[in-house]
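This report introduces one protein to a reader who has not met it before. Please look through the sequence and the structure first, and then follow the text from one residue outwards to the whole chain.

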Amino acid sequence: MHIQDSHWSSASALATGGGTPIAAAGNGRGDSARSTPLRVDAQRNLEHVLRAAREVFGELGYGAPMEDVARRARVGVGTVYRRFPSKDVLVRRIAEEETSRLTDQARAALGQEDEPWSALSRFLRTSVASGAGRLLPPQILRVGVAEEQTGSAAGDEARVPQQRTQPGGGELRLVPDQGAPAPQDDAGAAELLEVVGQLVDRARAAGELRPDVSVADVLLVIATAAPSLPDAAQQAAASARLLDILLEGLRSRPA
């Protein structure tokens, strides 16, 4: 796992990816025939940059330079910076998309699988196969013990989602952390943890999940079981084998 958070600071709302199309301002004559293909090219460049960023950050972690993203996308680094004025903005865009993807996968497993263990294992297998674990936001994986957080002043500081590990141990909450995104950026992470928390609670209540396994543990399994290997077939085989072993470690065993 190569997740790094050295560049994970507050970022501009430009991360939503819309932005102003990269098109010529025109010559004052309303030359729509000239501007339309430029807008198409700009959208194509954006798609190339996002795809390249997912690949590069997935292989090298979020510490990879923007130049690597530009080379993979086969565009100039200036093109990348026109769409994403800082690396923080691009990192946040990718991480938010992957968090949303994981949340959708968790909801699908929760809604379509009747058996608690089947739902949890389906979520893990789907998420690992998609490679989303290599792009999890650092603040989701930075988890402390709840007892150690007591006495710290939460206030309006940046906060990190944390989930209970035992039944009755308290609800989903946010705990302080220096260098994490601003509180308003926690919504996507908190939503992911809430849905995965339901999968964990169901499997634990059914006696199929070890009682000491937390939501954070489940997300770490996703990150750990998604290695980045140069050969796609080897990567898929390694991921499947490692996930089988980790799933066995998550299951409860009769006393």
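Leaving aside its neighbours within four places in sequence, which residues is Leu124 in contact with? In this predicted model, the residues that Leu124 touches beyond those neighbours are Val218, Val221, Ile222, Leu243, Leu247 and Leu250.

Leu124 also has a place in a wider arrangement, for the largest nonpolar core holds 32 residues, and Phe123 and Leu124 are the ones that touch the most other members. Two or more residues of this core come from each of the elements α4, α5, α8, α9 and α10, and the greatest share, eight residues, is given by α8. A second core, separate from this one and made up of 22 residues, includes Leu46, Ala64, Met66 and Val75.

The elements that give two or more residues to the largest core, where their residue ranges are stated, are set out here.

| Element | Residues |
|---|---|
| α4 | 87-112 |
| α5 | 116-130 |
| α8 | 187-205 |
| α9 | 215-224 |
| α10 | 232-250 |

Helix α8 deserves a closer look. With 19 residues at 1.5 Å a residue, helix α8 should span 27 Å, and because its end C-alpha atoms are 27 Å apart, the expected and the modelled span agree. The buried residues of α8 are Ala189, Leu192, Leu193, Val195, Val196, Gly197, Leu199, Val200, Ala203 and Arg204. After α8 comes Gly207, which has a positive phi near 75 degrees.

Two of the buried residues of α8, Leu192 and Val195, are also met from the side of another helix, α4, where Thr103 is found. When neighbours within four places in sequence are left aside, Thr103 is in contact with Gly188, Glu191, Leu192 and Val195. The relative accessible area of Thr103 is 3%, and because a residue under 20% is called buried, Thr103 counts as buried.

Turning to the protein as a whole, its secondary structure comes to 10 helices and two strands, and from the N terminus on the order of the elements is α-α-α-α-α-α-α-β-β-α-α-α. Of the 255 residues in the protein, 39% are buried. Among contacts with a separation of 6 or more, 66% are between residues that lie 24 or more positions apart. The accessible surface of the protein is about 12,900 Å², and carbon and sulfur atoms account for 51% of that surface.

Definitions and conventions. Residues numbered from 1 in each chain as written. Predicted model: local features only at pLDDT ≥ 70, side-chain atom pairs only at ≥ 80, totals over all residues. Heavy atoms only, no water. Helix = DSSP H or I, 4+ residues; strand = E, 2+ residues; numbered from the N terminus. Buried < 20%, exposed > 50% of the residue type's maximum accessible area, 1.4 Å probe, protein only. Contact = heavy atoms within 4.5 Å. Areas by Shrake-Rupley, 256 points an atom, 1.4 Å probe, with all protein chains shown as cover. Expected span 1.5 Å × (residues − 1). Core = buried A, V, L, I, M, F, W, Y, C linked by side-chain atoms within 4.5 Å.
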